[in-house]
Amino acid sequence: MDRLPHTGVSPATSPSDLSPSRAPLTTVAVVGLGTMGTGIAETLARAGREVIGIDIDERACRRAVTALEAATARAVHRERITERERAAILGRFRVATDLRAAADAELVIEVVPEDYDTKREVFAGLDTVVRPSAILATGTNALSVTRLAAESAHPERVLGLHFFNPAPAMRLVEIVSSVLTAPGAVEAVTALARDLGKEPVALGDRPGFVADGLLFGYLNQAAAMYEAKYAAREDIDAAMRLGCGLPMGPLALLDLIGIDTARTVLEAMYAASGDRLHAPAPVLGQLAEAGLTGRKAGRGFYTYQAPGSGTVVPDAASAEVRHATDGARPVRAVGVAGSGTMAAGIAEVFARAGLEVVLAGRTPEKAEAAKARVAKSLARSVSKGRMTERAREQALERIGTADALDAFAAVDLAVEAVAEDLVVKQELFRALDKVCKPGAVLATTTSSLPVIACARATSRPQDVVGLHFFNPAPAMKLVEVVHTVLTADEVRATGHAVCAAVGKHPVDCGDRAGFIVNALLFPYLNNAVKMVQEHYATPDDIDAAMKLGGGYPMGPFELLDVVGLDVSLAIERVLHREFREPGLAPAPLLEHLVAAGCLGRKTGRGFREYAKA
């Protein structure tokens, strides 16, 4: 959307009536009829509001009408509304190309491109058109609400109203106050958001607010990871979808948001924070300058069937994810060292896939207890109809137990799944080096320690690879296959081949702290803690924002309490030590909670308190 014409006639400039007792907002103008503006207009019209859609581009106006007609037609087809209700919705929406059409609106929502001068001109025009009692809301997620308010004729009526895309489906709405915003304006818009079926979260004015403030830092690090050629784009995206349960991978999401938009948000965040983690990755600027802005351009990190299409088509980079399995060593027997939850889960994965498994614990009792854990898990699968009783029996028969690593003499793959302690792991690898046959692949399941340190404890570092399973191993599809600078190509290929053979999705990455998932996940969690530490938002608001606005299965504080604050702190310290980025330093609040013994669910208290079992 470009500049909108407006009249030079100014209404009375008396203070607007923004008292909490004001009547509900019934007439709303939406300025800017792109994807977001059209979605907001649809949401309002469906909720019984009279909606005026305004855009200087007549084609945008026509597209908005067509989009609403199509959306309501689909709703009728799915029997969610009647034809009569559809006609009423369409009758409540009209479009115009002049700001004067907003004259009678009680609320105006600006959703023009993220350019300060454009937004300022829209607000200046609205000041000359709407009544002093009207509320003016900006849909920005990056620019200063306070600055826009300060330059308005009535700063007390200006606030931020940040919907998420697609607006009709996404429940979160961030309501952003400046220091100048009248409480009555916030209350009126909050009441409207609830009437629309949304979950409003009230916030102060800072770039990105909560959801985007956490999301875009994570997206930026994913772009930097890809730019450094650490991992293929498909592997980065698959790792975060399968390892964290996210609805989209970060690079695909950047393409959906628009790479130019993401760069604008990050620039604003960096200007406010000075945190280098918010400085846009150079690849974002390169793609934006080339016009490769994502789905809307038909090409960004991925290539699409056509501009605006969500269908990815193969391109020159597609071959990067076709991990070679040529030369992979045959794997028929597997040894799993460890007796904890992860060791038992990995043993179950291999046994269910038809491989012979030796499960070794420090004592016969520990090994048998681990096998009993497998038996219990398999029994649950039978009770849920996921496997037959005969298949359960066969899987258990494939698992032998031992209390010494000598039992690994004939295995093709030895998997270490012991405590996350480098000294312990190195000692185990020295033992595996002595007992395993030549050509056996030795794998560590570490999530944060250097694989090369385990490899160097052996006389055959070329045979060592990381296989980072996720917990619970039988259910989680992802495995990070981690190669060191010494890992032989056929060993790397074996890691990919065996993961595929047992029904897992392998992703390939190098040996550096956090690999893919933890390197992207834990800085995001740390930044959430910093928001609470700075009294910007509560854990409840932040969790709601990420679940409702980002589609995350768990909010960051729910996840921290499940993972364990001590485990999270240890991983964040590893990341900070490796990358030396000041922004990766663990939040002091997290350190204080760990020092106080508040470790999350396992201790009954973390960021929240839990009932004792």
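Thr-38 is found in helix 1 (residues 35–46); helices here are DSSP runs of H or I with at least four residues, strands are runs of E with at least two, and both are numbered from the N terminus. This is a predicted model, in which local features need pLDDT of at least 70 and side-chain atom pairs count only at pLDDT 80 or more, while totals for chains, interfaces and linings use all residues. Residues are numbered from 1 along each chain as its sequence is written, and side-chain values use heavy atoms, with hydrogens and water left out. Beyond Thr-38, the picture takes in an open sheet with the strand order 3-2-1-4-5-6-7-8, another with the order 13-12-11-14-15-16-17-18, and a crossing of helix 8 and helix 18.

**Around Thr-38**

- Thr-38 is buried, with a relative accessible area of 13% (buried means under 20%, exposed over 50% and partly exposed in between, using a 1.4 Å probe and protein chains only).
- Its side chain reaches the backbone oxygen of Gly-34 at 2.8 Å.
- Leaving aside residues up to four places away in sequence, Thr-38 touches Leu-33, Ala-64 and Ala-67 (contact means heavy atoms within 4.5 Å).

**The sheet with strands 1 to 8**

- Eight strands make up this open sheet, and the pairing is mixed (two strands pair if DSSP finds at least two bridges between them).
- Strand 3 (93–96) and strand 8 (199–203) sit at the edges with a single partner strand each, so one side of each has no neighbour in the sheet.
- From one strand to the next, the twist averages 25 degrees (axes are lines fitted to C-alpha atoms, for helices over the stretch in contact, and angles run from 0 to 180 degrees between N-to-C directions).

**Strand 7 and its partners**

- Strand 7 (residues 172–176) pairs with strand 6 (residues 158–163) in the antiparallel sense, over four bridges.
- Across that pairing, Leu-161 stands opposite Ile-175, and Gly-160 stands opposite Val-176.
- On to strand 8: strand 7 runs parallel to it, and five bridges join the two.
- Val-176 turns up again here, standing opposite Leu-203 in strand 8.
- Five of the five residues of strand 7 are buried, so the strand is largely enclosed by the rest of the structure.
- Leu-172, Glu-174 and Val-176 point one way from strand 7, while Val-173 and Ile-175 point the other way.

**The sheet with strands 11 to 18**

- Here, too, eight strands form an open sheet with mixed pairing.
- Strand 13 (399–402) and strand 18 (505–510) are the edge strands, each pairing on one side only.
- The twist in this sheet averages 25 degrees from one strand to the next.
- Strand 17 (residues 478–483) pairs with strand 18 in the parallel sense over six bridges, and Leu-478 stands opposite His-505 in strand 18.

**Helix 8 and what it packs on**

- Helix 8 lies across strand 17 and strand 18, running at about 125 degrees to strand 18.
- The axes of helix 8 (residues 233–244) and helix 18 (residues 517–533) come within 9 Å and cross at roughly 65 degrees.
- That crossing is right-handed (the near helix is turned clockwise from the far one, whereas left-handed means anticlockwise by less than a right angle).
- Ile-236, Ala-239, Met-240 and Cys-244 in helix 8 meet Val-517, Leu-520 and Leu-521 in helix 18.
- By class, the contact has seven nonpolar, no polar and no charged residues (Ala, Val, Leu, Ile, Met, Phe, Trp, Tyr, Cys and Pro count as nonpolar, Asp, Glu, Lys and Arg as charged, and the others, Gly among them, as polar).

Methods: A polar contact is a pair of N or O atoms within 3.5 Å; within protein, one must be able to donate a hydrogen and the other to accept it, and residues adjacent in sequence count only if both atoms are side-chain atoms.
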